[in-house]
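Colleague: Could you walk me through how the labels on this model get decided? I'd like the cut-offs alongside the values.

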Amino acid sequence: MNPRWLGILAGVLIAAVDSPADEWKLPPETIALKPGKGREVVLGQCAMCHSLDYITTQPPLPKAGWVASIEKMRSKYGAPVPTNSVALLADYLTEQYGKPAAKP
Amino acid sequence: MRVRDLNRRRFIRVAAGVAGGMAAVPGLIANETYEMPFENGSRELVRYPEKRPLIRLTSRPPQLETPMAVFNEGILTPNDAFFVRYHLAGSPPSRDVLTPDAFRLQVVGAVRKPIEISIADLLRRFEVTEVVAVNQCSGNGRGLFTPRVGGGQMGNGAMGCARWKGVRLVDVLKAAELEPAAKQVLFDGMDKPVTATIPDFVKSIELDQALDPDLLLATEMNGQPLPWLNGFPLRLVVPGHYGTYWIKHLHQITVVDSSYKGYWMDPAYRIPDDPCAHIEPGSKPRRTVPISRFNVRSFITSLAEGVQVRSGEKQRVRGIAFDGGSGIREVTFSDDGGKTWRGAELGRSEGRFGFREWTVDWKPAGPGERTLWAKATNRLGESQPLEALWNPAGYMRNVVEPVKVRIV
């Protein structure tokens, strides 16, 4: 598991058991991504800027839809996703949360 | 088109590895879930500060939706049930920067007398007034679009109606003395992006609209200070217009002499330049304009999708209607899927920007399934389509929303 993600997860768990008396605390994130090739890269690249429910609540998008999302994150929001990671991200998202192309 | 509105059908169960990849993190107390009426629509019900458990769409930043049953409680949506929508992961701003000592509103730019003022002084210096107005997310109902579109997958609960109290924007702008070249007014809140590359959430309003006395800088909703997640201590209220303009934690108003081109005005939050914001599903708009006023909507609130009612037992069906500010003229009701319609009785008006309650007597004749429809018309004669309109961003849904009930 990506060390950064471990850190986030630890933070989430600590936040969950920490003083419930603190009324201004936001409840923890509870989303875990499905296992699959590329999952660690998705965790590293996407969870930096937003919670993972931004991914898991989407309708089953075709691969072109996921690619468009990744490109939007890169070009409009300046996400530092390396060019050579785009295909891996798109494949994972399509496989786990999308609409894979119809098999011939 | 799939004409189900399971929005009101509440299947509450414990979240334990439910569909769509939503899995509870081990060791956490599991939240209850709420089923939205579309594919991949399992959501957690989560309690946030000052809120009752609401439908959580996302957690960083928080986006919370109001369960439809709340809208049957009255035309004012309780603060603890009011929806929450943020864009930037650094939201909401920490409580420390929002305290009376720390927080200041600035009015700067093309003005002769820039202002920097505390909330207490703002309320002392300017006349305090109120408006009852609906706030609604541009993408309210996006999850119900067919074909589906990407973006926040909400049911119809990203709306609410409150009594907003504050000072008029026009009074504050006049006190700052606008330069003759003033063209637009920009609004920025204290919620900030997590990286410098992400555009800050800034919205622009044309000057003539900004001078409309309906626009408020609000400090209270429903007689209480704004909840933290609804913009404490100050938010812009733009009655009749989509929530994207209702900047929360508003701390800077900048008057400019040009047209603002920021990301959240263009390309974000734009609709096809067409009277209905509608294009052929799957196609791309040729020209777009910024989203602005609400279209007409109505909902049945007293009967949830899938409920059983007794044949021959007369009941009062109730609901809400609203529009972009001309006011609701008429609501009609159909219990035969739109073959015949009859007029509903409108409740007391709380002003042209609020939810308007409507009621109608109904005697179910059964047994069998019946589809109930409510359709509103505003004072301009605008109404709701029976077939859903479509645009690629999933904005401005206003189709007549059916409620299927079972008569026994």
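Modeller: Sure, accessibility comes first: buried means under 20% relative accessible area, exposed over 50%, and partly exposed in between (1.4 Å probe, protein chains only). This is a predicted model, where local features need pLDDT of at least 70 and side-chain atom pairs count only at pLDDT 80 or more, while totals for chains, interfaces and linings use all residues. Residues are numbered from 1 along each chain as its sequence is written, chains are lettered from A and ligands numbered from 1 in the order in which they are written, and side-chain values use heavy atoms, with hydrogens and water left out.

Colleague: What makes C276(B) partly exposed?

Modeller: C276(B) has 43% relative accessibility, so it counts as partly exposed. C49(A), at 19%, counts as buried.

Colleague: Why is C49(A) not bonded to the sulfur of C46(A)?

Modeller: A disulfide needs two cysteine sulfur atoms within 2.5 Å. The sulfur in C46(A) is the closest cysteine sulfur to that of C49(A), but at 9.1 Å it's too far for a bond. Over all chains, the structure holds 0 disulfides.

Colleague: What makes R52(B) and E73(B) a salt bridge?

Modeller: The rule asks for a side-chain nitrogen of Lys or Arg within 4 Å of a carboxyl oxygen of Asp or Glu. R52(B) and E73(B) meet at 3.0 Å, N to O, so the pair qualifies.

Colleague: How do you know that R163(B) and E130(B) pass too?

Modeller: Their closest N and O atoms are 3.9 Å apart, so that's a salt bridge as well. R163(B), at 26% relative accessibility, counts as partly exposed, and so does E130(B) at 44%. Salt bridges with shared partners join these two, R348(B) and E350(B) into one network.
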